[in-house]
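Trainee: I would like to go through this model one question at a time. Please give the reasoning first and finish each reply with what I asked for.

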Amino acid sequence: MTFTDFACYGRTMLTMNYTYRLYPDAQQQSLMKEWLETCRRLYNYALRELKDWLASRKCLADKCSLEKEYIIPADAPFPSYQSQQDALPKAKKKYPHLTSVYSQVLQTTIRRLHDTWENFQKREFGFPRFKKFGQFKSFVFPQFKTNPVTGCHLRLPKIGDVRINLHRPIPDGFVLKQVRVLSKARGTEWYAVVTLQLNVSIPDTSPHGRMIGIDLGLERFLTTSDNASVERPKFLKSKHRKLKLLQRRASRKQKRSNNWEKSQIKVAKFHHNIANARKDFHYKTAHQLCDQAQTIFAEDLNTVGLNRGMLRKDCIDASWGQFLSLTQWVCWKRGAFFQRVNPNGTSQTCPQCLATVKKDLSVRLHVCPECKYETHRDHAAAEMVLIRGYEIVGRDSAELKEPDGSRSVGGESLDKRRKSRNVSS
Ligand SMILES: [Zn+2]
């Protein structure tokens, strides 16, 4: 099963990403692999320039460092996106193989480096890294003059018509903005992530209907403020066992041999399989939540912090971050309201009397010494999330009616879904 869609949404522009499987012929495949390698080298070259410039600034002017000697003049400007992009035509004369790649693809490769760099400056983590051979897995065509999808082919500049499986049609009215060509399973599978845009006014959803809070945990995947819970899927555990087996087999093969390559492909394909299964589970769970309520509150988790901490492996497996953003998207699609709330202390506060009840992760039961309230700790946390949500939207808004105005996404009418939904407020 291959499916992906997520979206950025706003008042005037709806953006969706659809993923389609590509079936390039042998010639197209080797060309696309060549492009990936050229883009990787360009990316690394541009990153080297950026790093050298930064290192040259680190050296103090009055102290000449012996280890750090950079022949970059003090007034040399920062290698910005614009300057690096402007340097491309010159570089093409020096390295003619650059010309074999579509020029806009090269530009977006540099853009990608600077996006990573700018994100690093904003968040202070995620410094761009050099990409090793095979680590560069996608390139982008940022614009098309005419619709590149014709029948069962995708027309890519300089690559030609690539066979595509349009397992779901591009919805009416959407304009194709860009195409990201993605290589998976070590270049044996190819995908096109197609960005579609619809210029339309979309009314924002407001809090309404039944409201619930959810808590994500390691013991149970999810617990709602109604004390309903979703267990962690067992299939992921058994899949992980199989993955370990495949990895062990792969490690026994002689490196770079034919059999090694084959077993590496098997491992990569299985990774992909796990990711899809997990995403499928996340989608189903998000839809279940929307069946139960029209307003959903969740903790604004610092997933990065969690992933870095001791619980790293378990948290990645649970991949709460992906689940929350998918839930946000599903909520929006189904006309439900989604809001993240401050997570601080939700598991340490009694939802009945708001007293602080300290407990570490091993304590699975919430027992309040003040009001004697007793329940599962995740349930108590979910109830606290709901209380925080009420604080944000105001408890009165529970009386709010359904948002008006109908809209249609992906050809499916939301009104139809809304009717079939169990509305209880
Ligand atoms: Zn209490």
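**Helices, cores and two loops**

Trainee: Which residues in H9 are met by His282, Tyr283, Ala286, His287, Leu289 and Cys290 in H6?
Mentor: Two residues are in contact if their C-beta atoms, placed from the backbone, lie within 7 Å. Helices (H or I, at least four residues) and strands (E, at least two) are DSSP runs numbered from the N terminus. By these rules, the six residues you list in H6 meet Gln322, Phe323, Leu326, Thr327, Val330 and Cys331.

Trainee: How many residues of the contact of H6 with H9 are charged?
Mentor: Ala, Val, Leu, Ile, Met, Phe, Trp, Tyr, Cys and Pro count as nonpolar, Asp, Glu, Lys and Arg as charged, and the others, Gly among them, as polar. Eight residues of this contact are nonpolar and four are polar. The number of charged residues is none.

Trainee: What should I know about the numbering and the type of model?
Mentor: Residues are numbered from 1 along each chain as its sequence is written. The model is predicted: local features need pLDDT of at least 70, side-chain atom pairs count only at pLDDT 80 or more, and totals for chains, interfaces and linings use all residues.

Trainee: Is H6 parallel or oblique to H9?
Mentor: Axes are lines fitted to C-alpha atoms, for helices over the stretch in contact, and angles run from 0 to 180 degrees between N-to-C directions. Angles under 35 degrees count as roughly parallel, over 145 as roughly antiparallel, 65 to 115 as roughly perpendicular and the rest as oblique. The axes of H6 (residues 258-292) and H9 (residues 320-333) come within 9 Å and cross at roughly 50°. Therefore, relative to H9, H6 is oblique.

Trainee: Are H5 and H6 roughly parallel or antiparallel to each other?
Mentor: The axis of H5 (residues 234-252) comes within 9 Å of that of H6, and the two cross at roughly 170°. That makes H5 and H6 roughly antiparallel.

Trainee: How many residues of the contact of H5 with H6 are charged?
Mentor: From H5 the contact takes in Leu236, Lys239 and Arg249, among others, and from H6 it includes Trp260, Lys266 and Arg278. The contact has 10 nonpolar and three polar residues. Its charged residues number five.

Trainee: Which element gives the largest share of the largest nonpolar core?
Mentor: A nonpolar core is a set of buried Ala, Val, Leu, Ile, Met, Phe, Trp, Tyr and Cys residues joined through C-beta atoms within 7 Å. This core has 33 residues, and among those touching the most other members are Trp35, Cys39 and Phe139. Elements giving two or more residues to the core include helix H1 (26-58), helix H4 (103-123) and strand E8 (189-199). The largest share is eight residues, from H1.

Trainee: Is threonine 109 buried or exposed?
Mentor: A residue is buried if 20 or more other C-beta atoms lie within 10 Å of its own, exposed if 12 or fewer, and partly exposed in between, with C-beta atoms placed from the backbone. Threonine 109 lies in helix H4 and, beyond four places in sequence, touches Cys39, Leu42, Tyr43 and Phe139. Because 25 other C-beta atoms lie within 10 Å, threonine 109 is buried.

Trainee: How far apart in space are arginine 186 and isoleucine 265, C-alpha to C-alpha?
Mentor: Arginine 186 sits in the loop between E7 and E8. Outside its neighbours within four places in sequence, arginine 186 has contacts with Gly134, Gln264, Ile265 and Ala268. Arginine 186 and isoleucine 265 are 79 residues apart in sequence, and their separation in space is 6.1 Å.

Trainee: What is the phi of arginine 186?
Mentor: Most residues other than glycine have a negative phi. Arginine 186 is not glycine, yet its phi is positive, near 55°.

Trainee: Is leucine 354 buried or exposed?
Mentor: Leucine 354 also has a positive phi, about 60°, without being a glycine. Its place is the loop between strand E13 (337-341) and strand E14 (365-367). Because 12 other C-beta atoms lie within 10 Å, leucine 354 is exposed.

Trainee: What percentage of the 425 residues of the chain count as buried?
Mentor: The chain's secondary structure comes to 11 helices and 17 strands. Of its 425 residues, the buried share is 24%.
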